[in-house]
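Q: I'd like a close look at one part of this protein, with enough of the surroundings to make sense of it. Could you walk me through it in plain language?

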Amino acid sequence: MKSVTVYSRTGCHLCETAIAQIESVKLDLNFNLDIKLIDGNLDLEKQYGEQVPVILIDGQPHDYWRVDLARFTAAIKN
């Protein structure tokens, strides 16, 4: 089973949209989803601060800022 991690910030509109898109296909694609807030974590803010949301699939960067749902779906199915 694939694992998806989304690095996000509190109050981030792009993050909320990306998470909603990912959650909309979660049941059909059967993957684990972990949402991690970078707020207050200096290391994560330094690494991802200007790029959130950051979407990783199995620990590998997949998308930044927005989700291309067709591309995301294809990556989960592979």
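Below is the request in full, followed by one connected answer.

Q: Please zoom in on strand β1, where Tyr7 sits. Which residues does Tyr7 touch, leaving out those up to four places away in sequence? And where do the disulfide partners, Cys12 and Cys15, come in?

A: Sure. Keep in mind that this is a predicted model.

Let's start with the whole chain. There are three helices and four strands, and along the sequence they run β-α-β-α-β-β-α. A compact globule of 78 residues would have a radius of gyration near 12 Å, and the chain has 12 Å, so the two agree. Along the principal axes, the C-alpha atoms fill a box of roughly 35 × 20 × 15 Å. Of the 78 residues, 38% are buried. If you take the contacts with a separation of 6 or more, 65% come from residues 24 or more positions apart. The accessible surface is about 4,800 Å², and carbon and sulfur atoms account for 49% of that. As for charge, there are 8 positive and 11 negative side chains, with the centres of the two sets 5 Å apart.

Now for your strand. Strand β1 covers residues 3–8, and Tyr7 is part of it. Tyr7 has a relative accessibility of 12%, so it counts as buried, the cut-off being under 20%. Leaving out residues up to four places away in sequence, Tyr7 touches Lys36, Ile38, Leu44, Tyr48, Val52, Pro53, Val54 and Leu56. The C-alpha atoms of Tyr7 and Ile35 are 6.1 Å apart, although 28 residues separate the two along the chain.

Next door is Ser8, also in strand β1. Ser8 is buried too, because its relative accessibility is 4%. With neighbours within four places in sequence set aside, Ser8 is in contact with Cys15, Ile19, Ile35, Lys36, Leu37, Ile38, Asp39 and Val52. Lys36 and Val52, then, turn up both among the residues Tyr7 touches and among the contacts of Ser8.

That list also takes you to the disulfide, since Cys15 is one of the contacts of Ser8. The chain has one disulfide. The link runs from Cys12 to Cys15, with 2.4 Å from S to S. The angle about the S-S bond is 75°, and the link is right-handed. Cys12 counts as buried because its relative accessibility is 13%. Cys15 has a relative accessible area of 0%, so it is buried as well.

Go back to Tyr7 and you'll find Val52 and Pro53 among the residues it touches. Those two are joined by a cis peptide bond, with omega at about 0°. Pro53 belongs to the loop between α2 (42–48) and β3 (54–57). That's worth a second look, because most peptide bonds are trans.

What about the other strands? In β2 you'll find Asn32. Asn32 is partly exposed, because its relative accessibility is 41%. The C-alpha atoms of Asn32 and Val4 are 5.9 Å apart, with their positions 28 residues apart along the chain. Val4 is also one of the residues Asn32 touches, together with Met1, Lys2 and Ser3, not counting residues up to four places away in sequence.

Just before strand β2 comes the loop from α1 (13–29) to β2 (32–37), and Asn30 is in that loop. Asn30 has a phi near 55°, which is positive even though the residue isn't glycine. Asp58 is a further case, with a phi near 50°. Asp58 is in the loop between β3 and β4 (60–64), and a relative accessibility of 41% makes it partly exposed. Both catch the eye because most residues other than glycine have a negative phi.

Strand β4 is where His62 is found. At 12% relative accessibility, His62 counts as buried. Apart from neighbours within four places in sequence, His62 is in contact with Ile55, Leu56, Ile57, Arg71, Phe72 and Ala75. Leu56 is a handy landmark here: Tyr7 touches it, and His62 is in contact with it as well.

Notes: Residues are numbered from 1 along each chain as its sequence is written. This is a predicted model: local features need pLDDT of at least 70, side-chain atom pairs count only at pLDDT 80 or more; totals for chains, interfaces and linings use all residues. Side-chain values use heavy atoms; hydrogens and water are left out. Helices (H or I, at least four residues) and strands (E, at least two) are DSSP runs, numbered from the N terminus. The radius of gyration is taken over C-alpha atoms; the globule rule is 2.2 Å times the number of residues to the power 0.38. Buried means under 20% relative accessible area, exposed over 50%, partly exposed in between (1.4 Å probe, protein chains only). Contact means heavy atoms within 4.5 Å. Accessible areas come from the Shrake-Rupley method with a 1.4 Å probe; for residues, only the protein chains shown count as cover. Lys and Arg count as positive and Asp and Glu as negative; His and the chain ends are not counted. The place of a charge is taken as NZ of Lys, CZ of Arg, CG of Asp or CD of Glu. A disulfide is a pair of cysteine sulfur atoms within 2.5 Å.
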